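Me: I'm new to this one, so could you walk me through it in small steps? Please show me the structure to begin.

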Amino acid sequence: MDSGNAAWMLVAASMVFLMTPAVAFFYGGMVRAKAVLNMMMMSTLAIAVTGVIWAFWGWSISFAGKDIGGVFGDPITGFLLKDTVTAKDGVFTSLDSANAAYPHTVDIAFQAAFAMICVALISGALAERVRISTWMIFVALWVTLDYAPMAHMVWNHGLLAADGPISNAIGAQAHDFAGGTVIHINAAVAALVIVLIIGRRIGFPKESIRPHNVPMVMLGAFLLWFGWFGFNAGSAFAANGTAGYAWVSTTIAASGATLGWLFTERVRTGHYTAMGAASGMVAGLVAITPAADVVSPLWALVIGLLAGFVCCLACGLKFRFAYDDSLDVVGIHGVGGLLGTLLIGFFGTGTGFLAGGNFRQLLVQFLVALIAIIYAAAVTGVIAFALEKTIGWRVSKDQEVIGVDQSDQGESAYDFGSILN
């Protein structure tokens, strides 16, 4: 065991955990005042439900259980963490491992935080119209049937892994450093599928639905950027030079995307906006996630600039095609995650088409992304449709007009009466 690595990974796990409360602020500020608590509660429940599922069988399906068909691990091996946690002299600790640079319990914590943030991202597409009870059931089912198998396929020698059958057949190693497929493409596809099943908010797209608290959005964006250092640099799994470079490339890309979004916005609307800056930050962070360790500083900047420009334009597609992705999960996380995953095929040092002269890397990145999209769409579609036809997703029209905070939770974020008095 290496105490330095263990300390860094505990810090990184805590930083990734902070990202879910950051999403609560980021999304909470974007919705109308009558739905802010509901939005933040969805992130809260993403943490709580995922934490329970991860301990029971999520960890085992993702990383601990014996591989089944390259798609998932068996849920029994690590059920309630029995493969990892033991009591020694009355105190619980990790089982010993001769090969690990830090205790297994630290890895459980790090990976649990990833699962929490992934499912929380989906909530942004469902804003202002979804029942909390249905959301809780969805989180439990989705983490079990979608997220945990996807993590296994990509990060635990499964179907989509660098050493998996697809990579071996093509002759190039698929690369997803910190979650372009597992987190961002996965969450965005799930969000889009649910949106298509549950329908649009009342008034969308004819009415202007504006954020109620932009400073809250900015706070969430800055906290996300901070947490992303744990997300990307922590994915080096050691306190080493790769972690340091991931911090640097993450900052370069996020900075470039912020500027790219703002310049695009300026040309289109004549303004640089705080909402645009916050969205650009996140777009760049998303796009660099799968590539943070394998692209040079120049290409990290290019990825960021492209993400800012492309994601800014992509967020307008929901108005053209009339799907109510309320807070642009698809436009930012889906498009940004796909962009970053594919650009490894061009910019990956030594392997990419422009940085290595090899088309195989692009091919394997494309196939892995495509399979991830198909898997996420199929699994989420079954879960979301079953919930729609049984307990239902949405509050009633009257409840939506009143606001889900008051109608579904019986509370309000702001006491406007006392303010006026």
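Me: Which residues in the largest nonpolar core touch the most other members?

Reply: Happy to help, and keep in mind that this is a predicted model. In soluble globular proteins, nonpolar side chains tend to be buried together. Here the largest nonpolar core holds 131 residues, and those touching the most other members are Ile 122, Leu 126, Trp 135 and Tyr 147.

Me: Which helix gives the most to this core?

Reply: The share to look for is 14 residues. They come from the stretch 3-30, which is helix 1.

Me: Which residues does Trp 135 touch, not counting those up to four places away in sequence?

Reply: Trp 135 is one of the core residues that touch the most other members. Leaving out residues up to four places away in sequence, Trp 135 touches Ser 123 and also Met 42, Leu 45, Ala 46, Val 119, Ile 122, Leu 126 and Val 130.

Me: Why is the pair of Trp 59 and Phe 63 called tilted?

Reply: A pair of aromatic rings is described by the distance of the centres and the angle of the planes. Trp 59 and Phe 63 sit four residues apart in helix 2, about one turn of the helix. Their ring centres are 5.5 Å apart. Planes under 30 degrees apart would be stacked and over 60 edge-to-face, and this pair has its planes at 35°, so the pair is tilted.

Me: Is Trp 59 buried or exposed?

Reply: The cut-off for buried is under 20% relative accessible area. Trp 59 has 4% relative accessibility, so Trp 59 counts as buried.

Me: Which helix gives the largest share of the lining of the largest pocket?

Reply: This pocket has about 950 Å³ of space. Its lining counts 29 residues, with Pro 211, Met 275, Lys 318, Phe 319 and Asp 328 the closest to the centre. Helix 8 (241-269), helix 9 (274-288) and helix 11 (317-321) each supply at least two lining residues. The largest share is four residues, and it comes from helix 8.

Me: How many residues of the lining of the second largest pocket are charged?

Reply: The second largest pocket has about 750 Å³ of space and is lined by 32 residues, with Val 154, Trp 155, Ala 162, Asp 176 and Phe 177 nearest its centre. Helix 3 gives the most to this lining, with five residues. By class, 15 of the lining residues are nonpolar and 14 polar, while the number charged is three.

Me: Which residues form one aromatic cluster with Trp 155?

Reply: Trp 155 is among the residues nearest the centre of the second largest pocket. The structure holds 17 aromatic pairs. The partners of Trp 155 in one aromatic cluster are Phe 110, Phe 114, Trp 228, Phe 231 and Phe 237.

Notes: Residues are numbered from 1 along each chain as its sequence is written. This is a predicted model: local features need pLDDT of at least 70, side-chain atom pairs count only at pLDDT 80 or more; totals for chains, interfaces and linings use all residues. Side-chain values use heavy atoms; hydrogens and water are left out. On a 1 Å grid over the protein atoms alone, a cavity is a set of points where a 1.4 Å probe fits but cannot get out, and a pocket is an open set with protein on both sides within 12 Å along at least five of seven lines; lining residues have an atom within 4 Å of a point. Grid points are joined across faces, edges and corners, and a volume is the space filled by probe spheres set on the points. Ala, Val, Leu, Ile, Met, Phe, Trp, Tyr, Cys and Pro count as nonpolar, Asp, Glu, Lys and Arg as charged, and the others, Gly among them, as polar. A nonpolar core is a set of buried Ala, Val, Leu, Ile, Met, Phe, Trp, Tyr and Cys residues joined through side-chain atoms within 4.5 Å. Buried means under 20% relative accessible area, exposed over 50%, partly exposed in between (1.4 Å probe, protein chains only). Contact means heavy atoms within 4.5 Å. Rings of Phe, Tyr and Trp (its six-membered ring) pair if their centres lie within 6.5 Å; planes under 30 degrees apart count as stacked, over 60 as edge-to-face and the rest as tilted.
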